[in-house]
Amino acid sequence: MSTATTPARITLTPRRPARGLLAQVTRTELRLFLREPVGLLWGLLFPVVLLIVLGSIPGTRGHSDDLDGQSVVEAYVPILTAFTFAMLALNAMPPALAGYREKGVLRRLSTTPLPPSRVLGAQILIHGAVATLATAVITLVARFAFGVHLPRAPFAFGVTVVLTALALFAIGLFVSAVAADTKVANGAGAVLFFVSMFFAGLWLPRAKMPDTLRTIGDCTPLGAGVRALGDATAGHWPHGSALPVLAGYALVFGIASARWFRWE
């Protein structure tokens, strides 16, 4: 899916130095994001609606030994949280940035007092804010509509959310950096999204995966993220390598995207 939009014109004046333009660029990008709200629908509304539908099915609230003592709804709360970050980072942001480069927007901005990096910052702020809002809504709906307890280790939960966001947005920026055009960005983002969501447990919950698949999933950003979110929700610090894996993805792909990002 594509959420690429036609960029609005940003007017620079001597009274508004480039370093103070991030807020202005963010407002402009937010208007464009809301004008074609595909990312908003899939990144915010869809996971919430899916949670409500899932929780309304009889039998999904009872605890199951197959899910390590969790109910189906409990098991899917961290998965849907990961879903919204993955949707925005891999399916919404790369086509938008690749479209800007394809249309020459970033090249033109490089000749103005506005650094093109402000556009990257605005995109990350907007998509990150929507993903954070979706996380809060999913958590609260699960708590008050279906009796799922709030994260019992809120600090660990917050750290995990931040690292998951950094890892996924770093990967999204890398896709934006190397994609030749919007079609390539769409295709690459879609492939990464579906593979990542498989290991996150969207179709087969991680508790039901064979040990080999679960071990492979622990090495992926969403597999590690869902595992860490589940641990934090249960009330303890994430076990094993989950957080180092997320930090590693954020660091490696962040450096790679900065190294290879093309402005034109």
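**Stop 1: the second largest cavity**

Begin by selecting the residues around the second largest cavity of this predicted model, whose lining comprises six nonpolar, four polar and one charged residues. The residues to select are V77, T81, T139, A142, R143, V148, H149, L150, P151, F157 and T233. Two elements, α3 and α5 (117–146), each give two or more residues to this lining. The largest share, three residues, comes from α5. The space in this second largest cavity amounts to about 70 Å³. In total, the structure holds two cavities of 30 Å³ or more.

**Stop 2: V77**

Keep the cavity lining displayed and centre the view on V77, one of its residues. V77 has its place in helix α3. Is V77 buried or exposed? Its relative accessible area is 11%, and because the cut-off for a buried residue is under 20%, V77 is buried.

Next, display the contacts of V77. With neighbours within four places in sequence left aside, V77 is in contact with L51, I138, A142 and V148. Of these contacts, A142 and V148 also appear in the lining of the second largest cavity. Then select T135 and draw a distance between the two C-alpha atoms: V77 and T135 are separated by 9.1 Å, although they stand 58 residues apart along the chain.

**Stop 3: helix α9**

T233, another residue of the cavity lining, leads to the next selection, since T233 is among the buried residues of α9. Select residues 221–234 to show this helix, which has 14 residues. From its first C-alpha to its last, α9 reaches 20 Å, close to the 20 Å expected at 1.5 Å a residue.

How many of the 14 residues of α9 are buried? Twelve are, so the helix is largely enclosed by the rest of the structure. To see them, select P221, L222, G223, A224, G225, V226, A228, L229, G230, D231, A232 and T233. Now add the helices against which these buried residues pack: α3 (72–102), α6 (154–178), α7 (182–200), α8 (211–217) and α10 (242–260). Finally, step past the end of α9 to G235, which follows the helix and has a positive phi, near 110°.

**Stop 4: the largest pocket**

Remain with α9 and turn to the largest pocket, which has a volume of about 580 Å³. Of its 26 lining residues, select L67, D68, Q70, G230 and D231, the closest to its centre. Two elements, α3 and α9, give two or more residues to this lining. Which element makes the largest contribution to the lining? The largest share, six residues, comes from α9. Colouring the lining by class shows eleven nonpolar, seven polar and eight charged residues. G230 and D231 thus appear twice on this tour: both are buried residues of α9, and both are among the residues closest to the centre of the largest pocket, so it is useful to keep them labelled.

**Stop 5: aromatic pairs**

Now hide the pocket and show the aromatic side chains. The structure holds ten aromatic pairs. Select F174 and W260, which form an edge-to-face pair with 6.4 Å centre to centre and 70° between the planes. F174 lies in helix α6 and W260 in helix α10, so this pair ties together parts that are 86 residues apart in sequence. F174 is partly exposed at 22% relative accessibility, and W260 is partly exposed at 47%.

The next selection is F193 and F194. Their ring centres are 5.2 Å apart and their planes stand at 75°, so this pair is also edge-to-face. What is the accessibility class of F193? F193 counts as buried, at 3% relative accessibility, whereas F194, at 47%, counts as partly exposed. Extend the selection to W42, F46, F83 and W203, which together with F193 and F194 form one aromatic cluster.

**Stop 6: the whole chain**

Zoom out and colour the chain by secondary structure. The chain comes to ten helices and zero strands. Buried residues make up 51% of its 264 residues. Among contacts between residues at least 6 apart in sequence, 74% join residues at least 24 apart.

Note on methods. Residues numbered from 1 in each chain as written. Predicted model: local features only at pLDDT ≥ 70, side-chain atom pairs only at ≥ 80, totals over all residues. Heavy atoms only, no water. Helix = DSSP H or I, 4+ residues; strand = E, 2+ residues; numbered from the N terminus. Expected span 1.5 Å × (residues − 1). Buried < 20%, exposed > 50% of the residue type's maximum accessible area, 1.4 Å probe, protein only. Contact = heavy atoms within 4.5 Å. 1 Å grid on protein atoms, 1.4 Å probe; cavity = no way out; pocket = protein on both sides within 12 Å on 5 of 7 lines; lining within 4 Å. Points joined across faces, edges and corners; volume = space filled by probe spheres on them. Nonpolar A, V, L, I, M, F, W, Y, C, P; charged D, E, K, R; others polar. Phe/Tyr/Trp six-rings, centres within 6.5 Å; stacked < 30°, edge-to-face > 60°.
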